[in-house]
Amino acid sequence: MKHILFTLKGCPRSLLDDELHIRDVLVDAARLAQSQVLAVSSHKFDPQGVTAIVLLAESHISIHTWPENGMAVCDVFTCGDHTHPKAAAIYMADAMG
């Protein structure tokens with residue numbers, strides 16, 4: 001079991017508020033972690049912010065954004081020796097600016 005919890009700061013507001021971009025980032029992160037995506041769920045808040053989660057056969061990847069603060073809190077939780085959560089976390093940081 002591997003769990004990485006991290007906060008991204010100074011991210012562009014436009015990326016933090018883009019639900020489709022965030023969903024794509026999580027799915028790509030799962031691929032890089034060598035994990036199997038079972039489902040993707042997200043919610044766009046009004047007036048801003050997104051929460052999204054990718055349910056994995058090996059656990060989950062999630063993100064909660066605060067565009068007004070330029071930040072996101074993320075976690076990558078995987079089980080199994082074949083997974084690479086650090087690769088997912090590094091990718092998410094890059095993809096969110």
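Good morning. Leaving aside neighbours within four places in sequence, Ser62 is in contact with Ala52, Ile53, Val73, Cys74, Asp75 and Met92. I should say at once that the model before us is predicted.

Where does Ser62 lie? Its place is in strand E4. Is Ser62 buried or exposed? The relative accessible area of Ser62 is 8%, and the cut-off for a buried residue is under 20%, so Ser62 counts as buried. One of the contacts just listed involves polar atoms: the side chains of Ser62 and Asp75 are joined by a polar contact of 2.3 Å.

Strand E4 also brings us to helix H2, since the buried residues of H2 pack against strand E4 (59–66). Their other partners are helix H1 (13–16), strand E2 (37–44), strand E3 (50–56) and helix H3 (85–95).

Let us look at H2 itself. This helix covers residues 19–32, which makes 14 residues. From its first C-alpha to its last H2 reaches 20 Å, close to the 20 Å expected at 1.5 Å a residue.

Which residues of H2 are buried? They are Ile22, Val25, Leu26, Ala29 and Ala30. Viewed down the axis of H2, these buried residues fall within an arc of 135°, so they line one face of the helix. There is a general reason for such a pattern: an α-helix has 3.6 residues a turn, so residues three or four places apart point the same way. On the other side of H2, Leu20 and Arg31 are exposed.

Finally, the two ends. At the N-terminal end, Asp18 caps H2, with a side-chain oxygen 3.3 Å from the backbone nitrogen of Leu20. Just after H2, Gln34 takes a positive phi of about 60°. Thank you.

Methods: Residues are numbered from 1 along each chain as its sequence is written. This is a predicted model: local features need pLDDT of at least 70, side-chain atom pairs count only at pLDDT 80 or more; totals for chains, interfaces and linings use all residues. Side-chain values use heavy atoms; hydrogens and water are left out. Helices (H or I, at least four residues) and strands (E, at least two) are DSSP runs, numbered from the N terminus. The expected span of a helix is 1.5 Å times one less than its number of residues. Buried means under 20% relative accessible area, exposed over 50%, partly exposed in between (1.4 Å probe, protein chains only). The arc is that of the directions from the helix axis to the C-beta atoms. Contact means heavy atoms within 4.5 Å. A polar contact is a pair of N or O atoms within 3.5 Å; within protein, one must be able to donate a hydrogen and the other to accept it, and residues adjacent in sequence count only if both atoms are side-chain atoms.
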